Amino acid sequence: MEIKAPPQSPSTPGGAAQSAAPWWHPRQWVEGPHASVIDELALDNLVRIQRLLLIILGVNLVCVAVFRPTDDIEDLGASRWTQALFASHLAMAMSLVALALVAQPLLRRPEALRGLVRAYSVLAFVVVMGFIVAMVSFDQWVTSSIAPLMMACALAGTVIQMRPATSSVLYLGTYLVFAVAVGQTQQDATALMSNRVNGLSAVAMGWLLSMLSWRKSVENLLLTRRLAELATRDGLTQLYNHRETVRRCQEELSRALRHQRPTSVLVLDLDHFKQINDRHGHPAGDAVLAITAARLSDGVRSTDIVGRMGGEEFMVMLLHTDARAAGAMAENLRLALSVPMVLPDGRMIEVSASIGVATTQPERMESFDMLYQRADQALYRAKNGGRDRWEAG
């Protein structure tokens with residue numbers, strides 16, 4: 001039987017190497033690094049956009065009050081300008097309220113509405129930038145400034161996180177619409193040319209900020225995941241470490257007791273493990289531990305908890321499992337571990353394990369410590385009874 005590598009997480013060294021691709025790499029443009037983080041970034045994006053929309057909405061309402069129609073303006077050009085800006089800001093404020101309402105069900109059910117969560121940032125970008133382009137175009141009746149477009153591009157590039165391919169299409173589309181729209185209201189050829197050049201610079205700046213923001217967000221998220229893995233996983237076996245195993249088991253046991261569902265704990269210890277280290281060396285012992293972890297993980301359900309408690313001791317929590325089923329699982333795991341293990345250098349080692357089993361009792365509200373102690377006492381009885389066996393506690 002060949003060695004089966006322990007389960008790897010997305011933040012293993014191999015995954016970290018993949019994330020090192022530069023922003024201009026083709027893989028970044030098609031799907032971005034690590035598709036597994038896209039949904040998490042999209043949800044974070046949704047929260048960030050909500051805060052941005054509140055700020056923009058406040059500015060819109062102020063502008064609606066400032067540009068409200070009055071009879072004091074006699075100049076027809078200025079009157080047309082204020083009316084256009086009033087209508088634009090009012091329409092934008094209403095659109096922002098609609099965007100905020102759309103976001104509420106997405107925030108409540110992000111998993112079920114995953115596709116819409118991803119698309120929300122695109123919708124928000126199109127709405128906001130569309131109104132900004134319209135207002136900048138209307139401004140050309142009285143001024144050649146395009147400062148709102150510059151600020152909007154910089155703000156969107158910093159706040160709205162989008163994959164490179166998506167942001168490239170959106171910023172290019174923004175510039176094309178701006179170049180056409182500004183030509184409809186700016187009659188001075190020199191000012192028009194200047195605005196189109198400056199508009200290209202503004203859009204390019206926003207696009208570059210978007211690239212940098214996306215890259216940094218992905219790196220930070222992957223680093224956070226890696227730190228979480230280091231804090232909760234055993235480095236050799238990739239199983240949960242002692243502290244995380246206990247924490248998860250306490251949570252699951254509390255839930256099982258509330259719903260009166262049977263839960264079993266298996267405490268497992270490799271027999272004569274010190275002799276393996278002494279006879280074959282510590283690298284061989286590490287390989288045995290890694291193979292043991294893989295076989296335990298393969299031998300239980302994905303919902304069960306498998307952890308390394310320290311040294312050669314492991315623990316398995318079997319959810320919704322009564323004493324009879326737990327005994328059968330203990331025997332299956334004992335048989336699986338008794339299959340000779342092949343080391344990386346080709347040597348074969350026979351390993352056995354002793355297992356203690358404890359199951360919650362309906363009439364007793366046991367804590368995890370009490371349940372673990374019963375399983376541990378059963379383990380010692382299995383050791384004293386000849387090893388390579390299991391005992392119920």
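Gln 260 counts as exposed, with a relative accessibility of 72%. The structure is a predicted model. This briefing covers two loop residues with positive phi, Gln 260 and Asp 388, and the contact of helix H10 with helix H11.

**Gln 260**
- Gln 260 lies in the loop that runs between helix H9 (242-258) and strand S1 (264-270).
- The phi of Gln 260 is near 55°, a positive value in a residue that is not glycine.
- Because its relative accessibility of 72% is over the 50% cut-off, Gln 260 is classed as exposed.

**Asp 388**
- Asp 388 sits in the loop between helix H13 (368-384) and strand S7 (390-392).
- Asp 388 is not a glycine, yet its phi is positive, at about 50°.
- The relative accessible area of Asp 388 is 32%, so this residue is partly exposed, a class that lies between the cut-offs of 20% and 50%.

**Helices H10 and H11**
- Two packed helices are described by the angle between their axes and the distance between the axes.
- The axes of helix H10 (residues 273-280) and helix H11 (residues 282-299) come within 6 Å and cross at roughly 135°.
- That crossing angle makes H10 oblique to H11, because an angle has to be over 145 degrees to count as roughly antiparallel.
- On the H10 side, the contact is made by Phe 273, Ile 276, Asn 277 and His 280.
- These meet His 282, Ala 284, Gly 285, Val 288 and Leu 289 in H11.
- By type, the residues of the contact of H10 with H11 are five nonpolar and four polar, with no charged residue.

Key:
Residues numbered from 1 in each chain as written. Predicted model: local features only at pLDDT ≥ 70, side-chain atom pairs only at ≥ 80, totals over all residues. Heavy atoms only, no water. Helix = DSSP H or I, 4+ residues; strand = E, 2+ residues; numbered from the N terminus. Buried < 20%, exposed > 50% of the residue type's maximum accessible area, 1.4 Å probe, protein only. Axes fitted to C-alpha atoms, helices over the stretch in contact; angles between N-to-C directions. Parallel < 35°, antiparallel > 145°, perpendicular 65-115°, else oblique. Contact = heavy atoms within 4.5 Å. Nonpolar A, V, L, I, M, F, W, Y, C, P; charged D, E, K, R; others polar.
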